[in-house]
Amino acid sequence: MVTTAGSARWTELFLRLPSNNASQLSGPVFTVVNDDEMIEMTAQGGQASTFIRLAMVCIMLRHLTRSNRSSLDRLYSSSANFDRKGKKVVKFKCEHIGFFFRNTDSYTRHVAGPVLMLLLLTLSCLVFSKKRFFENDELYSYYLLSDPSFRHMWGAFNDAINNSPPLYFAVGRVWAALFGSDETSLRLFSSLAMSFALLILWRVLREPFGNWASILGLGLAFTAPLIVYQNANARSYGLFLACTALCVAAIARNDRQAVSNSSLFMNAAAFMLLVQSHLFGPIYAAALIAAQIIADIRRGRLRPSLYFAMTTGVATFALYLPVFFNQAENGDPRMWIPPTFLQDLPRFCAAVVPVGLRLLGIGDFGSTLWIILVIAGTLITVWWPSREEPVEIRRHQQHLSTVAWALLLVPLVVWLGSWAIKPIFFDRYVIPSVLGLAILYSAIGSRFLKPMLSSANRPVRLGTRAAAGTVAALIGWTPFVLAQRLPIEPTPGSEDNQYGYDALPIVVPFSHDYLRRRQYSPNSTRYYFLLDWTTAVDPASGDFAPQADKELSALKRQYPNRFTTVLEQSEFLSSHSRFLVLKFPETFKCHVPLSFARKWSNFYCWQVYDRRIAADHRFRTTRLGEIDRKYELMLVERNN
């Protein structure tokens, strides 16, 4: 049994060995002094083994720092035993390199919170998957990951189908081989990657901010609409988030340990994975390296070997560049992302606030106000830190806050670059910034929760735990509520037969709708997509038209048996005398946008019907009716 007594600075430890041990020790065995830099342990009698001595110092550190952390400092002996007034004294210097001394019952109780959050994320993914078919971008993942030949998949990856580094497809191909490539399996792969990111960040935040604060912070961050939707999306964003979390964990570990060969390798590997997970990986890598350098400067140290290891990991992005240049062909002559507007920032804020706020009806303005309040609250915790925290814990909190600000500045920098140079701002591309919010939420929560959880008043402690647990449960439940409210999606193309002509082929104007009908319709062979590069590059066709033409051409090259109905418009029109066409309503006229504000509304406009069919005197057309509330179904017949 272990008991402690004394002040915060001087503490006596009483140790009683189990009764079946012949050597009984009682009374004050050790006295420990904690001045944040040196730990002095004085043996006052008895012959304790080295293990007991180290274990007792670890227990004392737990008491002196007023925590039940699962990670404590490894102690290095800085001097040999020597006598001083008849007492044995051993000095230890604190080197923060993650020595684990774990209380199993306490750790199991603490890990229950993040495990419950992981289960709720997984459950919401499963519910979403049962209600939704693959979206267009998910189908691009599906085509490659379901390829029976790994070698052929890499050939298709090299074509203009996906603009993405190879990590997702390398790992995802193994997952698909083991668990299948249907909607649930591929989305679960993304969900588990996000759960892994959550678990890593919980492990990072639990020590400096406390268990309850980290759980609440992660709950608020990982229930953002952006996370909830990408959690059930068969794309690389879950893996992108997990790799960023690994880099954050590496930087957090760098603050608590000296540079070693193993730490250099871990940093290089983490940053290599990050840049190979998404095209924005190098941007986030640069932000995190800058955060590491700034944090080291604040500590009065510079570690060039560490920065070189990180940069070496980032440099592996060069291996992907030849493939990237091939993939980037689908962005020529223009990309689909429109210019950036001021309202994009409030919309991004709405995508990263807790989904519970959106369920309550808070719009873009309220979401922006929430983010401003979070930032203000974090600044308060920085300017007026808790004096009850040990100096080393406060320093580590500031270290993580620097990382959080670096992550949160990325969306603003990308937005400014999109406005001034080239449009690349899109909310899911900057999804790792949610990790920065998780750190800020935890910092604010820690400032208020820790004093109450360490209160001498037992009812206050119990009430605080109960309140925190209730709030965490409500927050964690909101993704499942959102998934439950999502209506079941009808089968793509289910309305196409309502006007008859079931045997006729149907030309679909938009590549997204063509691919989904081709994948899910019971009569998928009747759907055609017509290639026409001349109309695609016309500015009136919108920013996405050239990319759609190139992507469908690449799919036909790589998977000709799957995409037999992707044809040049001239080939189709010469071989079909009677067919159906889905076209946009008459009110939707293709034109060159006259202002930036109209770019989104002119994202895509199909001109093949107007310029190749309606304008051709060989054909006559008849309007049959509306389809999917966005198309008109036209019967096209060749004149005799």
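**Notes on a predicted model**

Trainee: Where is the place of Gly463?
Mentor: Gly463 sits in helix α19, which covers residues 458–485. Keep in mind that this is a predicted model.

Trainee: Is Gly463 buried or exposed?
Mentor: Neither label fits, because its relative accessible area is 36%, and Gly463 counts as partly exposed. The cut-offs are under 20% for buried and over 50% for exposed.

Trainee: And how far apart in space are Gly463 and Leu453?
Mentor: From C-alpha to C-alpha they are 9.0 Å apart, with a separation of 10 residues in sequence.

Trainee: New topic, salt bridges. How many does a search of the whole structure find?
Mentor: The search finds 24 salt bridges. One of them is between the side chains of Asp255 and Arg301, at 3.2 Å from N to O.

Trainee: What does that pair tie together?
Mentor: Asp255 is in the loop between α9 and α10, and Arg301 is in the loop between α11 and α12, so the pair ties together parts 46 residues apart in sequence.

Trainee: Which class does each of the two fall in, buried or partly exposed?
Mentor: Asp255 is buried, at 3% relative accessible area. Arg301 is partly exposed, at 24%.

Trainee: What about Arg517 and Asp496?
Mentor: Their side chains form a salt bridge of 2.9 Å, N to O. Arg517 belongs to helix α20 and Asp496 to the loop between α19 and β8, so this pair ties together parts 21 residues apart in sequence. Both Arg517 and Asp496 are buried.

Trainee: Which residues do salt bridges with shared partners join into one network?
Mentor: The network is made up of Asp255, Asp296, Arg299, Arg301, Arg303, Glu392 and Arg395. Within that group, Arg303 and Asp296 meet at 2.9 Å, N to O, and both are buried.

Trainee: On to pockets. What volume does the largest pocket have?
Mentor: The volume is about 1300 Å³. Its lining has 47 residues, and the closest to the centre are Asp137, Trp336, Arg428, Tyr429 and Gln547.

Trainee: Which helix gives the most to that lining?
Mentor: That is α3, with four residues. Helices α11, α20 and α22 each supply at least two.

Trainee: And the lining by class?
Mentor: There are 25 nonpolar, 12 polar and 10 charged residues.

Trainee: Last one. Which residues form a nonpolar patch on the surface?
Mentor: Phe365, Leu369, Ile372 and Leu373 form such a patch, with about 450 Å² of accessible area together. Ile372 is in helix α16, residues 364–383, and is partly exposed at 48% relative accessible area.

Key:
Residues numbered from 1 in each chain as written. Predicted model: local features only at pLDDT ≥ 70, side-chain atom pairs only at ≥ 80, totals over all residues. Heavy atoms only, no water. Patch = residues over 30% accessible without salt bridge, like charges linked within 9 Å, V, L, I, M, F, W, Y side chains within 5 Å. Areas by Shrake-Rupley, 256 points an atom, 1.4 Å probe, with all protein chains shown as cover. Salt bridge = Lys/Arg side-chain N within 4 Å of Asp/Glu carboxyl O. Buried < 20%, exposed > 50% of the residue type's maximum accessible area, 1.4 Å probe, protein only. 1 Å grid on protein atoms, 1.4 Å probe; cavity = no way out; pocket = protein on both sides within 12 Å on 5 of 7 lines; lining within 4 Å. Points joined across faces, edges and corners; volume = space filled by probe spheres on them. Nonpolar A, V, L, I, M, F, W, Y, C, P; charged D, E, K, R; others polar.
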